[in-house]
Amino acid sequence: MSHDFEYDLAFSRNIGWVTQTEQQTLKNKRIAIAGMGGVGGGHLLALVRLGITQFNLADFDEFGCENTNRQVGAATSSYGKKKLETMVNMAKDINPEIDIKPFPQGVTKDNVDAFLDGCDIYVDALDFFVLDIRRLVFSRCETLKIPATTAAPIGLGTAYINFLPGKMSFEEYFDFKDNSENEQYLKFYLGLTPSNLQKRALVDASRVDLANQKGPSNVAGCQLAAGVVVAQVVKILLNRGPVLCAPYSLHFDAFSNKLNKVWRPFGNKNPIQKIAFKLAKRKLHLHSQKLNSEEDIDQRSDLTLACKVIDLARWAPSGDNCQPWQFELLDESTFNVHARDTRASSVYDLDGHSSHIAHGILLETIEIAASKFSCRVEVIDIQGSEFSRIYKVALKHDDAVKPDPLLPHIKTRTVQRKAMGTRPLSDAEKSSLIESLPAGFKVQWYQSRKEKARFAWLNAHNAKTRLTMKEAYLVHREIIDWGKQFSETKIPEQALGLDRSTARLTQWLFKSWRRVAFFNRYLFGTVAPRVQLDFIPGVRASCHFTIYSEGKVENTSDYVAAGRAIQRFWLKTDQLQLGLQPSMTPLIFARYLESDISFTENRNAAYHAFKSYYLLKKVVKNHERVVFMGRLGRTNRPSSRSIRKALSTLLVKGS
């Protein structure tokens, strides 16, 4: 095998798809590429392997850790290094004979003609949000009669469009005239992907953040785009076969297994595009404020250790996503947790113990988060008022502390309220979950068809109590974020598991208790939500389970300890790729009844609560010591979920 570079030998396997003469033609062509990042770097290396030997390349940026997921030049050895220099070295490692004219300042108004000088084709690889320079380059290509191609990574696919001399221009197609900056971004996106094949692959629309010039991207789209660019360059430079150009475009999506050839006469002026533009504007709101919960905390070097730990810990779950806590920074490694309860506003928080469980979940999450930074946690319980407590948290560096295996699951852990797979848990899975619990807590499984049906009926029966009492309605009215996929402080509608018609009806009913009461009494208003939210999901699960304490659970400290155990169990389910839904209200109402505390003025609701209580005693073993119950199943991660308040919102100044 030869160890010396020879052009003809290096690219001999191209022959057959191109002729010997065509390979020599490609060898002598010059290509301009603007951008050496997500797509540009891949374009360059792919075109070098095609046998192209002359390039004009422009980029001023440096590689960073945030580029690792998709950019071929991004590696730990290239962090902090210029992208252009890195990619030139990689290209010359493939073909040491290539001729490259570098433009390390990027493309500017002053050098655009020099950048395009002598080029046979322009390959667009600028960042999505660099529209001013992109428009300039395409305009000069039109004037200089240079063909131009752009292939964008869109989700798990790619969309491409060519602009050829004498055909529809970039400006004519995208129609940016008189639009704001954000509207131009949106028009560029819609013009690139008029068929919108990628919509099913996008699970978190909040990541499309036009105002802050950020959007999701991945290596699949970038690699596919590079392949498409090679094909277009071959066709254009060798005049091989018909070349699609504006107003035609082509979009391939590997996720939906679809390929669409799209014709949009008049480009974004097309009536279909105009409608899509109006709908997209309404959906994205084109706001200038990004989601608070998505602050790039890990990329900020000015945050203290305490802030970094709190930023992870704030993802701890709490009842109805109420987040009953705030944080007071004392110094770089010490802070107070001001933990309150919600008994005054929620019928589901008898004696504040539901909140105390959440406090324990938070404290355990803090400890797991601190392990990321090799810190152990010391917690001092400072006695507060009847309705609130203060926990002083000190982070102590300890080299013996290693990252907790559950650490990666703090943010991904969520609630799956919809039906799940029914395949039983394996013995290994159950053992792993049992081992996740600390001493003093155990788990009881209920996974036969009969047991799952009894639990489903218990939850559906208990739901009738919840849905027919005004005290619960007042809570439900405040905790649902209608029409939302994500919510920082509530439960988003799309996470509930209701079908669209039931959701719209429920939203209308929740505008007044009178409507709810009338519908429940005369029109069987509880049937649809009980079936959809409780019975069907209760049957469609791998199992139901309870976590119980070996000792009595009586005071605040007991419930805090229970919360710690619950969080480790919950994070373990996420690690095992299992979905989990809590079902705590049967336990809560049972405690009311056992303590002889009235919780509703509705006699019918109280009657159903008593029936549920006796059913609970038949279905659940040792119910008086159970601290948590729910169901598990095999499922994909929910596409809708509750998120969290921003770190800045949760921090408070001391008194």
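## Loops, helix faces and one cavity in a predicted model

Pro 247 sits in the loop that runs between helix 9 (219–238) and strand 7 (248–253). The model is a predicted one. The peptide bond between Ala 246 and Pro 247 is cis, with omega at about 15°. Asn 239 belongs to the loop between helix 9 and strand 7 as well. Asn 239 is not a glycine, yet its phi is positive, about 55°. Most residues other than glycine have a negative phi, and most peptide bonds are trans. Asn 239 counts as exposed because its relative accessible area is 68%.

Another positive phi turns up in a loop further along the chain. Phe 524 lies between helix 17 and helix 18. Its phi is near 50°, and Phe 524 is a residue other than glycine. Is Phe 524 buried or exposed? Phe 524 is exposed, with a relative accessible area of 65%.

**The chain as a whole**

The protein chain has 655 residues, and 52% of them count as buried. It contains 22 helices and 21 strands. Along its principal axes, the C-alpha trace spans about 90 × 60 × 55 Å. The accessible surface comes to about 31,100 Å². Carbon and sulfur atoms hold 51% of that surface. Contacts across sequence can be split by separation. Among those with a separation of 6 or more, 74% link residues 24 or more positions apart.

**Helix 16 and its neighbours**

Helix 16 covers residues 500–509. Which of its residues are buried? They are Thr 502, Ala 503, Thr 506 and Leu 509. Viewed down the axis of helix 16, these buried residues fall within an arc of 125°, so they line one face of the helix. Arg 500 and Ser 501 are exposed on the other side of helix 16. The buried residues pack against two helices: helix 17 (513–522) and helix 18 (527–539). Phe 524, described above, lies in the loop between helix 17 and helix 18.

**Three buried residues**

Met 36, Glu 364 and Thr 556 can be taken together. The table gives the place and relative accessibility of each.

| Residue | Place | Relative accessibility |
|---|---|---|
| Met 36 | loop between strand 1 (30–34) and helix 3 (40–50) | 0% |
| Glu 364 | helix 12 (353–371) | 8% |
| Thr 556 | helix 19 (556–575) | 17% |

Buried means under 20% relative accessible area. Met 36 is buried because its value is 0%. Glu 364 counts as buried because its value is 8%. Thr 556 counts as buried because its value is 17%.

The contacts below leave out residues up to four places away in sequence. Met 36 touches Gly 41, Leu 44, Leu 57, Ala 58, Asp 59, Phe 63, Lys 83, Leu 84 and Met 87. Met 36 is also one end of a long span. Thr 468 is 432 residues away from Met 36 in sequence. Their C-alpha atoms are 61 Å apart in space.

What does Glu 364 touch? Its partners are Arg 564, Gln 567 and Arg 568. Thr 556 is in contact with His 353, His 356, Arg 389 and Tyr 391.

**The cavity**

Where is empty space left inside the model? Rolling a probe the size of a water molecule over the atoms shows where empty space is left. The structure holds one cavity of 30 Å³ or more. The largest cavity has about 30 Å³ of space. Its lining consists of Arg 135, Phe 138, Ser 139, Glu 142, Ser 169, Phe 170 and Glu 171.

Which helices each supply at least two residues of this lining? Helix 6 (131–144) and helix 7 (170–174) do. Helix 6 gives the largest share, four residues. By class, the lining has three charged, two polar and two nonpolar residues.

Terms used
Residues numbered from 1 in each chain as written. Predicted model: local features only at pLDDT ≥ 70, side-chain atom pairs only at ≥ 80, totals over all residues. Heavy atoms only, no water. 1 Å grid on protein atoms, 1.4 Å probe; cavity = no way out; pocket = protein on both sides within 12 Å on 5 of 7 lines; lining within 4 Å. Points joined across faces, edges and corners; volume = space filled by probe spheres on them. Nonpolar A, V, L, I, M, F, W, Y, C, P; charged D, E, K, R; others polar. Buried < 20%, exposed > 50% of the residue type's maximum accessible area, 1.4 Å probe, protein only. Contact = heavy atoms within 4.5 Å. Areas by Shrake-Rupley, 256 points an atom, 1.4 Å probe, with all protein chains shown as cover. Arc of directions from axis to C-beta.
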